Amino acid sequence: MKIYKFNITLLVLLFVFVYTPLSWAGLNVITTTSDLASIAKEVGGSLIKVNSLVKGIQDAHFIQPKPSYIVKMNRADLLIYQGLELEVGWLPVLIEGSRNPEVRLGQRGHLDISTNISRLEVVQGTVDRSMGDIHPFGNPHYNLDPENGFIIAQSIFNKLVELDPENKGEYESNLSVFKQKLKKKISQWEKKMEPFRGAKIITYHRVWSYFAKKFGLTIVNTVEVKPGVPPTTKHLAHLTALMKHEKIDLIIQAVFYEPDFANMVADKTGAKVLTLPAFVGGYPEAQDYFSLFDTIIDNLTSNLQPSS
Amino acid sequence: MKVFYILLIIIFGSSSNVWSSNEFEDLKRRIRVLEKTKNQNNSSSSSTATGLSNRLNPALSVNGLFLGTYNDKGNYDSSKVARTGMKIQEVEIRAAAYIDTFLRADILLAIEGTSNIEVEAAIVEALLSKNLSFRAGKFFTAFGKHNQLHTHEYPFIDLPVVSEEILGEEGLNEIGVGASYLLPTDWFSEFTFQVMEGANTNQFNARAGSDFAYLIRQNNLWDLDDETTMELGGSYVFGKNNLAPSSNFDNKTQLVGADLTFKWQPAGREAYKTWVWQTEFIGSFREQTQEGWYTLLQHQFANRWWIQGRYSGYTIPNGANKEDKNQWSALLAWVPSEFSTVRLQYNHLNQATADENQVLLQLNFTMGSHPAHKY
């Protein structure tokens, strides 16, 4: 009787084995963040299928490693991620769980973009967790400097050519179209941001360091007392005094943080809290890498005071 | 001499005017390369934060559990686990690394109390082919949901009464080999087969090392929508036991488990709100029947706060050892960071002997390599 039952289980399993989902001819690419997906789409065009795991409205630090992501990674030819420990809490579990030899560390289908990026806020000297949720190897939000768009696109291009050399020509022309468009857009963005060069702002978390460096904004402090650590009342008082003294009237924060603390400071200082998308899809109108910066810059320029 | 200076000025002055934008681009690129190499010394390859070291040494982490207990009954009974007092519930040391291109190892040493080190898990894993992984060693076998958790991962401070009674304090943690296969379905579906030594004293207590127990588990997870998942699993274990009177030489144990878990997290507010509802049935069928279940609800209501409730029932429906008991639990957790938690739990135990009320206070902390959490 027991043997009989076991046989039935095996039969059922056999049926499931035989069933395989429709396969895709081109490369199947999985990215962690939506910015990487957007750029991969530009470079890969119709030759690849791209899915990002994290939505633009989500905080890529705190994603749960859902088994449905394991299924997506199992079918992937290429995994592209931002690195610098942005995805450290969940990506290792997915890579291991996916049981896909292609996307493991050191394999051809494994691409950590951060290795090509010139990183900000690399911690020199001692690092420990009393410093908060620190990223010792550099701030991972490099997608917010549009100049890094070139490096991201180039890295993805190199990898696609390595995996699919036959279509090198098409990837090349996609890449040059993307680069030209990005170059043109960057000069537009620079022009729009020029009057605000040197403007002082407060941010909630260290999401905006690359953006600020590129466009000449000065981030004076963060609402968080340390990375990942919500403010103490003492820190809030300090921040209020600082903002009044330095006449800072704008706090920016990414969409995935609750604005309560920033609002408390804003109430006391008369500053404005501006919630911005930090990834493609963070706002409905931030549809791709270009409209992400359009959205951020339009919102910023209408809320910043031009520096005299 | 003056002529020379003028000449210099002319040469440099004019040359700077003829710099093309290409040369600027080239300089920019070279500066970027320099900035990059400047940071290379601190490259992320020395990190053990991924849970695996790339600089040859294993990633190390240490977890500690400090526990304070109040119990209103039976504090002089040394066989009881939950007695009034303070203790080090467990210290766990973990090392993980790739052994070579083929194998990966995960070693967990546990010290319960302050003496007696125990190999809680020693796992070597290999990916045999796409979708199929193999493991050998000592591990928490894939019987249900709760049994696969280490002490510091328990949703409550203690085990639900059904797990404690049927599988024991240590759970079904055995030496064996196993394979798990990710099925090529659109949803997550995994089949696991494990062969283990039937050493568990509650269920097998096998007479000979060759008295193996065999386990199969099938679990599935569906995304009901972007924010909600449902997981459904079934487990079955079969093996010889040596628990009945000696005249009854060839006794068999069958363990049956079923589990259902719902999880919800609002997209974009993952760090602030969560609901988990998990229910599990466990039955043991040998010369006597033991069965029971638990259901638990976990709710994260703010960035660092959780409130939870659990009910667990357990029964031996007939025979000489006939028993019936249940346990109600409530818990409040404060989670200052990913690396520490303070939890306060209340238990009410309904049982044949006098009912018990327990209050538990636990500090749970981890240092070292970043724990990547399972789902």
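What share of the contacts in chain B with a separation of 6 or more comes from residues 24 or more positions apart? In this predicted model, the figure is 51%. For chain A, residues 24 or more positions apart account for 65% of the contacts with a separation of 6 or more. With that in mind, let's walk through the two chains.

Chain A has 308 residues, and buried residues make up 57% of them. Its secondary structure consists of 10 helices and 8 strands. Chain B has 375 residues, of which 44% count as buried, and its secondary structure comes to 3 helices and 16 strands.

A good place to start in chain A is helix α5, which runs over residues 147–163. This helix has 17 residues and reaches 25 Å from its first C-alpha to its last, close to the 24 Å expected at 1.5 Å a residue. As you look along it, keep one rule of helix geometry in mind: an α-helix has 3.6 residues a turn, so residues three or four places apart point the same way. In α5(A), 14 of the 17 residues are buried, so the helix is largely enclosed by the rest of the structure.

From there, turn to A:Leu78, which sits in strand β3 (residues 78–81) of chain A. This leucine has 0% relative accessibility, and therefore counts as buried, the cut-off being under 20%. Who are its neighbours? Setting aside residues within four places in sequence, A:Leu78 is in contact with A:Asn28, A:Val29 and A:Ile30, with A:Val103, with A:Arg108, A:Gly109, A:His110 and A:Leu111, and with A:Lys159, A:Leu160 and A:Leu163. For a sense of distance, A:Leu78 and A:Val50 are 28 residues apart in sequence, while their C-alpha atoms are 9.6 Å apart in space.

Two loop residues in chain A deserve a look at their backbone. Most residues other than glycine have a negative phi. A:Leu84, however, has a positive phi of about 55° although it is not a glycine. You will find A:Leu84 in the loop between β3 and α4 (91–97) of chain A, where it counts as buried at 3% relative accessibility. A:Arg99 also has a positive phi, of about 50°, and is not a glycine either. A:Arg99 belongs to the loop between α4 and β4 (110–112) of chain A, and with a relative accessible area of 5% it is buried.

Now move to chain B, beginning with B:Arg310 in strand β13 (residues 305–316). Is this arginine buried or exposed? At 3% relative accessibility, B:Arg310 counts as buried. Its side chain makes a polar contact with the side chain of B:Asp158, at 2.8 Å. Beyond residues up to four places away in sequence, B:Arg310 touches B:Phe156, B:Asp158, B:Leu159 and B:Pro160, then B:Thr295 and B:Leu296, then B:Gln327, B:Trp328 and B:Ser329, and also B:Gln345 and B:Asn347.

One of those neighbours, B:Leu159, leads us to a cavity. The structure holds 1 cavity of 30 Å³ or more, and about 120 Å³ of space lies in the largest cavity. Of the 15 residues that line it, the closest to its centre are B:His146, B:Asn147, B:Leu159, B:Ser163 and B:Gly171. Both α3 (161–167) and β11 (274–285) of chain B supply at least two residues each to this lining. By character, the lining residues divide into 7 nonpolar, 5 polar and 3 charged.

B:Gly171 also takes us to our last stop, because it is among the residues that B:Asn200 touches, where touching means heavy atoms within 4.5 Å. B:Asn200 lies in the loop between β7 (188–197) and β8 (212–223) of chain B. At 6% relative accessibility, this asparagine counts as buried. Apart from residues up to four places away in sequence, B:Asn200 touches B:Leu167, B:Gly171, B:Leu172, B:Glu174 and B:Asn205. B:Asn200 and B:Glu174 are 26 residues apart in sequence, with their C-alpha atoms 7.4 Å apart in space. Within the loop, a polar atom of the B:Asn200 side chain lies 3.0 Å from the backbone nitrogen of B:Gln203.

How values were computed. Residues numbered from 1 in each chain as written. Chains lettered and ligands numbered in written order. Predicted model: local features only at pLDDT ≥ 70, side-chain atom pairs only at ≥ 80, totals over all residues. Heavy atoms only, no water. Helix = DSSP H or I, 4+ residues; strand = E, 2+ residues; numbered from the N terminus. Expected span 1.5 Å × (residues − 1). Buried < 20%, exposed > 50% of the residue type's maximum accessible area, 1.4 Å probe, protein only. Polar contact = N/O pair within 3.5 Å; in protein donor to acceptor, adjacent residues only side chain to side chain. 1 Å grid on protein atoms, 1.4 Å probe; cavity = no way out; pocket = protein on both sides within 12 Å on 5 of 7 lines; lining within 4 Å. Points joined across faces, edges and corners; volume = space filled by probe spheres on them. Nonpolar A, V, L, I, M, F, W, Y, C, P; charged D, E, K, R; others polar.
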